[in-house]
Amino acid sequence: MAVQWVQAQNRLSRRTERLGVTMSYRISPVWWPLLVLASPAVGPWLLLKNRRFRQNRARVAGHNQARLDRAVPLNLPALDHLDLTVLVEWRAGEGFLGDAGVSYLLETDRGALLYDVGFGATRPAFAHNAARLGFDPGQVQALTISHLHSDHMGGLAAQRARQVTVAPEFLPAAPMPCFLPDRATAPGFQAEVVEGPRPLTAGIASTGPLARSLFFFGLTEEQALVARIEGKGLVVITGCGHPTIEVVLQMVRCLSDEPLYAVGGGLHFPVTGGRGNRAGIQFQTLLGTGRPPWQRITDEDLSRTIAVLNAAGPQRVYLSAHDTCDHALDRLLAELQAETQVLEAGATYRL
Ligand SMILES: [Zn+2]
Ligand SMILES: [Zn+2]
């Protein structure tokens with residue numbers, strides 16, 4: 001009976017997601033009696049979390065401002081091209097598996113790096129898509145992890161242990177750095193915390209870690225990638241986009257005065273629904289917004305981000321569907337002035 005309820009609820013949330021309706025339940029009514037029973041314990045815990053969340057929010061604003069103040073222009077080499085091949089994404093081309101994680105292979109005329117590893121070996125997408133694409137770890141000179149969340153660093157156990165985890169067949173044969181945005185381990189790699197904006201490899205640089213206070217996950221550091229293409233301008237690639245694209249672009253402006261050519265990756269807009277809903281719970285809109293569970297990411301928030309992106313004026317935008325719902329994607333596709341598309345696993349985009 002409960003299972004049928006949950007299935008019906010999942011069908012309902014999928015339907016409301018398609019219709020762009022914001023009223024779908026984030027927790028199925030099936031769970032409500034349990035929530036009432038648990039409230040004497042959950043209530044005080046949430047209040048404690050909220051206090052920490054607000055404290056972190058103040059700290060984060062200070063951290064990011066100090067980093068922006070300290071930032072100096074980077075000597076970004078003019079690349080002939082940058083090819084972005086999607087190993088893991090929510091949307092997938094025929095024959096590829098979609099998943100709510102991220103892994104991008106970035107190849108330039110100066111080398112290659114792998115940005116994130118999705119859920120790693122804990123789900124089939126990474127290995128399946130990598131095999132289909134003929135990906136070999138020997139192709140890249142470094143692994144870079146955007147931030148220490150399960151969908152980017154190799155799964156939930158990896159996140160809990162702060163240990164970047166990939167299947168043994170994807171470990172490099174020769175020593176290779178793993179550039180991290182915060183303290184963590186990366187067995188099989190030479191783990192290196194990126195302290196601030198700096199070149200990484202293949203002519204691609206890191207913005208350095210930028211912070212965000214997340215309600216459930218605490219203070220989270222995330223690094224975006226930046227590169228410069230000859231005759232075009234700057235390319236900026238994010239992971240989940242937690243620090244907000246506004247802050248990422250503020251940092252990019254401190255690092256180079258070249259025009260902005262392209263923005264790609266996660267913008268984090270689970271507005272009407274989320275990816276990977278399970279057992280009648282929309283995890284992304286409930287736990288993954290970064291806000292307290294009684295608040296949501298709204299259409300007004302999205303309007304502000306669209307205005308920021310239009311003011312920044314990239315020519316191209318490559319959206320990640322792994323942390324942004326279909327309703328938000330539709331609005332971005334319609335309202336961004338840039339030529340905009342949604343990234344698909346298995347595809348290569350020449351930037
Ligand atoms: Zn993510
Ligand atoms: Zn994340």
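Buried means under 20% relative accessible area, exposed over 50%, and partly exposed in between, with a 1.4 Å probe and protein chains only. H149 and C240 are both buried on that scale.

This is a predicted model, where local features need pLDDT of at least 70, side-chain atom pairs count only at pLDDT 80 or more, and totals for chains, interfaces and linings use all residues. Residues are numbered from 1 along each chain as its sequence is written, chains are lettered from A and ligands numbered from 1 in the order in which they are written, and side-chain values use heavy atoms, with hydrogens and water left out.

**Exercise 1. Describe the coordination of the zinc ion (ligand 1).**

Step 1. Fix the donor rule. Donors are N, O and S atoms within 2.8 Å of the metal (3.2 Å for Na, K and Ca); water is not among the atoms, so sites may look incomplete.

Step 2. List the donors. D151 (OD), H152 (NE2), C240 (SG) and H322 (NE2) coordinate the zinc ion (ligand 1) at 2.1 Å. Their spacing along the chain reads D-H-x87-C-x81-H.

Step 3. Classify the geometry. Four donors are tetrahedral if all angles lie between 85 and 135 degrees; four are square planar and six octahedral if opposite donors are over 155 degrees apart and all others between 65 and 115; anything else is irregular. The four donor atoms around the zinc ion (ligand 1) subtend 97 to 136 degrees, so the arrangement is irregular.

Step 4. Check burial. D151 and C240 are both buried.

**Exercise 2. Which protein residues are donors of the zinc ion (ligand 2), and which one bridges to the zinc ion (ligand 1)?**

Step 1. The protein donors are H147 (NE2), H149 (ND1), C240 (SG) and H242 (NE2), lying 2.1 to 2.7 Å from the zinc ion (ligand 2).

Step 2. C240 is the bridge, and the two zinc ions lie 3.9 Å apart.

Step 3. Take the angles. They run from 90 to 170 degrees around the zinc ion (ligand 2), which makes this arrangement irregular.

Step 4. Read the spacing: H-x1-H-x90-C-x1-H. H149 sits in the loop between strand 5 (142–144) and helix 4, and C240 in the loop between strand 13 and helix 6, so the pair ties together parts 91 residues apart in sequence. Helices (H or I, at least four residues) and strands (E, at least two) are DSSP runs, numbered from the N terminus.

**Exercise 3. Lay out the sheet of seven strands and locate strand 2 in it.**

Step 1. Set the pairing rule. Two strands pair if DSSP finds at least two bridges between them.

Step 2. Write the order. The seven strands run 7-6-5-4-3-2-17 in an open sheet with mixed pairing.

Step 3. Find the edges. Strand 7 (190–193) and strand 17 (348–350) each have a single partner strand, so one side of each has no neighbour in the sheet. The twist averages 20 degrees from one strand to the next.

Step 4. Pair strand 2. Strand 2 (residues 82–88) runs antiparallel to strand 3 (residues 103–108), joined by six bridges. T85 faces L105 in strand 3, and V88 has S103 as its bridge partner there. Strand 2 also pairs with strand 17, antiparallel, over three bridges. Here T85 stands opposite T348.

Step 5. Test enclosure. Seven of the seven residues of strand 2 are buried, so strand 2 is largely enclosed by the rest of the structure.

**Exercise 4. Is T108 buried or exposed, and what does its side chain reach?**

Step 1. Place T108: it belongs to strand 3.

Step 2. T108 is buried, at a relative accessible area of 9%.

Step 3. Its side chain reaches the backbone oxygen of A202 at 2.7 Å.

Step 4. List contacts (heavy atoms within 4.5 Å). Leaving aside neighbours within four places in sequence, T108 is in contact with L79, H81, L82, A202 and I204.

**Exercise 5. Trace the polar partner of the D301 side chain.**

Step 1. D301 lies in helix 8 (residues 299–312). It counts as buried at 11% relative accessibility.

Step 2. Apply the rule. A polar contact is a pair of N or O atoms within 3.5 Å; within protein, one must be able to donate a hydrogen and the other to accept it, and residues adjacent in sequence count only if both atoms are side-chain atoms.

Step 3. The side chain of D301 makes a polar contact with the side chain of R304 (2.6 Å). It also reaches the backbone nitrogen of T298 at 2.8 Å.

Note on methods
Axes are lines fitted to C-alpha atoms, for helices over the stretch in contact, and angles run from 0 to 180 degrees between N-to-C directions.
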